[in-house]
Amino acid sequence: MVLFTETIEAIREFMDTGGVVLTAIAIMIFLMWLLILERILYALNGHKEVKAALIKNWQGRAERMSWNAEQIRQAFVARAQMQLNKNLTLITTLVALCPLMGLLGTVTGMIEVFDVMAISGSGNARSMASGVSKATIPTMAGMVGALSGVFANSWLQRKSKREIELLEDELVLDIQH
């Protein structure tokens, strides 16, 4: 229990050091990772059910060689692709916003440094330290969030593309003789 309390206290101090922008970055990263984890779970588990149902539906068709059958096949593939790519654009957007929010933290922290310099009338390093940390911590947090999101997003996009290719291979059109 003491370890938990100390951990919460350390996180709170870290968040206070980074200012309001760091809180916004933390919320964005939390949301981004919730979406990423949901997509990973869907790609590894939920998609199998959708794929099996589409394949069963396709193989249950009596006719699989006409133009209409090709259009139905394309609709099946498009439906699966929409399910696989759901929220990937939002994840990509959050990944792109993380460093921008870090930059906003840098700007607000530097404004605080300049305010301290204007009030004190000197470049006292001790009085500027708080503003400098508010400038660097959000930048670091934004970059870490973006890097982690880039790798997860790339994996999800590759997985989606691969699953669609596999589904297209499973939904075979019959050849006319």
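**View 1. Glu163, a buried residue of helix α4, pairs with Lys51**. Glu163 has 11% relative accessibility, so it counts as buried. Buried means under 20% relative accessible area, exposed means over 50%, and partly exposed lies in between (1.4 Å probe, protein chains only). This is a predicted model: local features need pLDDT of at least 70, side-chain atom pairs count only at pLDDT 80 or more, and totals for chains, interfaces and linings use all residues. Residues are numbered from 1 along each chain as its sequence is written, and side-chain values use heavy atoms, with hydrogens and water left out.

The side chains of Glu163 and Lys51 form a salt bridge, 3.9 Å from N to O. Glu163 lies in helix α4 and Lys51 in helix α1, so the pair ties together parts that are 112 residues apart in sequence. Lys51 also counts as buried, because its relative accessibility is 17%. A salt bridge here is a side-chain nitrogen of Lys or Arg within 4 Å of a carboxyl oxygen of Asp or Glu. Side chains of opposite charge can pair when their charged atoms come close.

**View 2. Lys159 also bridges to Glu163**. The closest N and O atoms of Lys159 and Glu163 are 3.3 Å apart. Both residues lie in helix α4, four residues apart, about one turn of the helix. Shared partners join Lys51, Lys159 and Glu163 into one network of salt bridges. Lys159 is partly exposed, with a relative accessible area of 22%. Helices are DSSP runs (H or I, at least four residues), numbered from the N terminus.

**View 3. Arg73 and Glu70 form a salt bridge within helix α2**. Their closest N and O atoms are 4.0 Å apart. The two residues sit three apart in the helix, about one turn. Arg73 is buried, with a relative accessible area of 15%. Glu70 counts as buried too, at 18% relative accessibility. A search of the whole structure finds five salt bridges.

**View 4. Trp58 and Phe76 make the one aromatic pair of the structure**. Their ring centres are 6.4 Å apart and their planes meet at 80°, so the pair is edge-to-face. Rings of Phe, Tyr and Trp (its six-membered ring) pair if their centres lie within 6.5 Å; planes under 30 degrees apart count as stacked, over 60 as edge-to-face and the rest as tilted. Trp58 is in helix α1 and Phe76 in helix α2 (residues 67–84), 18 residues apart. Both Trp58 and Phe76 are buried.

**View 5. One cavity of 30 Å³ or more is found**. Its volume is about 50 Å³. A cavity is a set of points, on a 1 Å grid over the protein atoms alone, where a 1.4 Å probe fits but cannot get out; lining residues have an atom within 4 Å of a point. The volume is the space filled by probe spheres set on the points, which are joined across faces, edges and corners. The lining includes Arg39, Tyr42, Leu88 and Lys159. Helices α1 and α4 (125–170) each supply at least two lining residues.

**View 6. Met1, Phe4, Ile8 and Ile11 form a nonpolar surface patch**. Together they have about 480 Å² of accessible area, by the Shrake-Rupley method with a 1.4 Å probe, where only the protein chains shown count as cover for residues. Patch residues have over 30% relative accessible area and no salt bridge; like charges are joined within 9 Å, nonpolar side chains (Val, Leu, Ile, Met, Phe, Trp, Tyr) within 5 Å. Ile11 is found in helix α1 (residues 2–59). Ile11 counts as partly exposed, at 47% relative accessibility.

Definitions and conventions: On a 1 Å grid over the protein atoms alone, a cavity is a set of points where a 1.4 Å probe fits but cannot get out, and a pocket is an open set with protein on both sides within 12 Å along at least five of seven lines; lining residues have an atom within 4 Å of a point.
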